[in-house]
Amino acid sequence: MGIKLEGKPVAQAISEQLKHRIKMLAEKNIIPALLIIRVGMRQDDISYEKGILKKCDELGIKAVVKLLSGDVPQEELIKVIKSANENSGIHGIMLFRPLPDHIDTNAVRNVIDPVKDVDCMSPLNLAKVFEGKADGIVPCTPRAVIEMLRYYNIPLEGANVVVVGRSLVVGKPLAMLLLDENATVTICHSGTKDLPSVTASADIVVAAIGKAKFLDEKYFNKNSIAIDVGINVDEKGKLHGDVDYDKVFDKVKGLTPATGGIGSITTIILLSHVVLACERLLGGEIVK
Ligand code: NAP
């Protein structure tokens, strides 16, 4: 019987540490502040925003939403970001993606101040992840995976970890963070031959491909730790991971659920980046 690796206690533990840091800032009359920029009315963005606002409220982080219409000109969006960069009352900036097609995401990514870039959009922060430098801000989901593994005391030093998926948002940066932990990392993708034999020989498998229930029991062994990053919503609105939870749970040592797994840690990671950005801006520890 496997262990259900739930995200809630992980998020709770991070939350407790954050409360302490926010209290220390409050003693200096500083409230960490996040600007959320939403372009348009995508339902996914609205739900994520709701979760962020609720958590900010609980923790004592100030959150402001700047809503722009779906057809906002790129220049106007850039103006909003530049003004937030210069506003000393804003410590973190978060912009929902994907942006509408008429906006060049690359142009926007380059404008955001790397110090305030709490969702790791800036190429500079991403480059730091690949250089193994700790003074940037790492993408939230890869960091959520690392926090999950740490919380459940799953050793990474020397572990064979297979990451399935090579996107710049999840797979690639996660592989870099795992290397920093001295894991031996294999990255798989749609061109990988005999994927089940690659994953089944690993100690830890991270699935981030975006295909509902794709990895069944033949992708694992009885000692596997399976981390499911996938979020796939079916036609009835039900959420499924990339791992077939029902078929796999009994056959592995540990598995994260699709609901209440990695996704439940990412918001608190984002907010931890707001607090970190605030501390860095105050401490003069600004690395550009
Ligand atoms: P993505 O950009 O679509 O990348 C998917 C990756 O999976 C690609 O590298 C692709 O390979 C690979 N892939 C697709 N089919 C495959 C197959 N049959 N065998 C092996 N590899 C395959 O997706 P993403 O943005 O990384 O997101 C991945 C999943 O994580 C999605 O379900 C997304 O919703 C979810 N997600 C969750 C969170 C969270 O907080 N939990 C955050 C972000 C994303 P190629 O490169 O060869 O095409």
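**Exercise 1. A loop asparagine**

Is Asn153 buried or exposed? Work it out, then describe its backbone and its place in the chain.

*Solution.* A friendly note before we start: this is a predicted model.
- Step 1: The relative accessible area of Asn153 is 67%. The cut-off for exposed is over 50%, so Asn153 counts as exposed.
- Step 2: Locate the residue. Asn153 sits in the loop between H6 and strand E5 (160–164).
- Step 3: Look at the backbone. Phi of Asn153 is near 55°, a positive value in a residue other than glycine. Most residues other than glycine have a negative phi.

**Exercise 2. Another asparagine, and a proline**

Find where Asn182 lies and how accessible it is, then examine the peptide bond between Arg97 and Pro98.

*Solution.*
- Step 1: Asn182 belongs to the loop between H7 and E6.
- Step 2: With a relative accessibility of 43%, Asn182 is partly exposed.
- Step 3: Its phi is near 65°, a positive value in a residue other than glycine.
- Step 4: Now the proline. Arg97 and Pro98 are joined by a cis peptide bond, with omega about 5°. Most peptide bonds are trans.
- Step 5: Pro98 lies in the loop between strand E4 (92–95) and helix H4 (105–109).

**Exercise 3. Reading the sheet**

In what order do the 6 strands of the open sheet lie, and which strands stand at the edges?

*Solution.*
- Step 1: Write down the order, E1-E11-E8-E7-E5-E6, with parallel pairing.
- Step 2: Strand E1 (3–4) and strand E6 (184–188) each have a single partner strand, so one side of each is left without a neighbour in the sheet. These two are the edges.
- Step 3: Begin at the E1 edge. E1 pairs in parallel with strand E11 (residues 254–255) over 2 bridges, and the bridge partner of Lys4 in E11 is Leu255.
- Step 4: Move on to E8. Here E8 and E11 run parallel and are joined by 2 bridges; Leu255 in E11 is also the bridge partner of Ala226.
- Step 5: Continue to strand E7 (residues 204–207), which is joined to E8 by 4 bridges and runs parallel to E8. Val206 stands opposite Ile227 in E8.
- Step 6: Check the side chains of strand E8 (residues 225–228). Ile225 and Ile227 point one way, Ala226 and Asp228 point the other way, and all are buried.
- Step 7: Step back one residue to Ser224, in the loop between E7 and E8. Ser224 is buried, at 0% relative accessible area. Beyond residues up to four places away in sequence, Ser224 touches Ala202, Asp203, Val252, Lys253 and Gly254.

**Exercise 4. An enclosed strand and its partner**

How many residues of strand E2 (residues 33–39) are buried? Follow the answer into strand E3.

*Solution.*
- Step 1: The count is 7 of the 7 residues, so E2 is largely enclosed by the rest of the structure.
- Step 2: Sort them by face. Ala33, Leu35, Ile37 and Val39 are on one side, with Leu34, Ile36 and Arg38 on the other.
- Step 3: E2 pairs in parallel with strand E3 (residues 62–68) over 7 bridges. Ala33 stands opposite Lys62 in E3.
- Step 4: Leu68 is also in strand E3, and is buried with a relative accessible area of 7%.
- Step 5: Leaving aside neighbours within four places in sequence, Leu68 is in contact with residues including Ile37, Arg38, Val39 and Val80. The C-alpha atoms of Leu68 and Val80 are separated by 9.5 Å, while the two residues are 12 residues apart along the chain.

**Exercise 5. Core and pocket**

Which residues have the most contacts inside the largest nonpolar core, and which lie closest to the centre of the second largest pocket?

*Solution.*
- Step 1: The largest nonpolar core has 52 residues, and Ile204, Ile227 and Leu271 have the most contacts inside it. H10 gives the largest share of this core, 9 residues.
- Step 2: A second, separate core has 19 residues, among them Leu35 and Val111.
- Step 3: Turn to the second largest pocket, with a volume of about 420 Å³. Of its 23 lining residues, Ala134, Gly136, Val138, Arg143 and Leu177 are the closest to its centre.
- Step 4: Classify the lining: 9 nonpolar, 5 polar and 9 charged residues.
- Step 5: Helices that each supply at least two lining residues include helix H1 (8–26) and helix H10 (263–283).

Key: Residues numbered from 1 in each chain as written. Predicted model: local features only at pLDDT ≥ 70, side-chain atom pairs only at ≥ 80, totals over all residues. Heavy atoms only, no water. 1 Å grid on protein atoms, 1.4 Å probe; cavity = no way out; pocket = protein on both sides within 12 Å on 5 of 7 lines; lining within 4 Å. Points joined across faces, edges and corners; volume = space filled by probe spheres on them. Nonpolar A, V, L, I, M, F, W, Y, C, P; charged D, E, K, R; others polar. Core = buried A, V, L, I, M, F, W, Y, C linked by side-chain atoms within 4.5 Å. Buried < 20%, exposed > 50% of the residue type's maximum accessible area, 1.4 Å probe, protein only. Pairing = 2+ DSSP bridges. Contact = heavy atoms within 4.5 Å.
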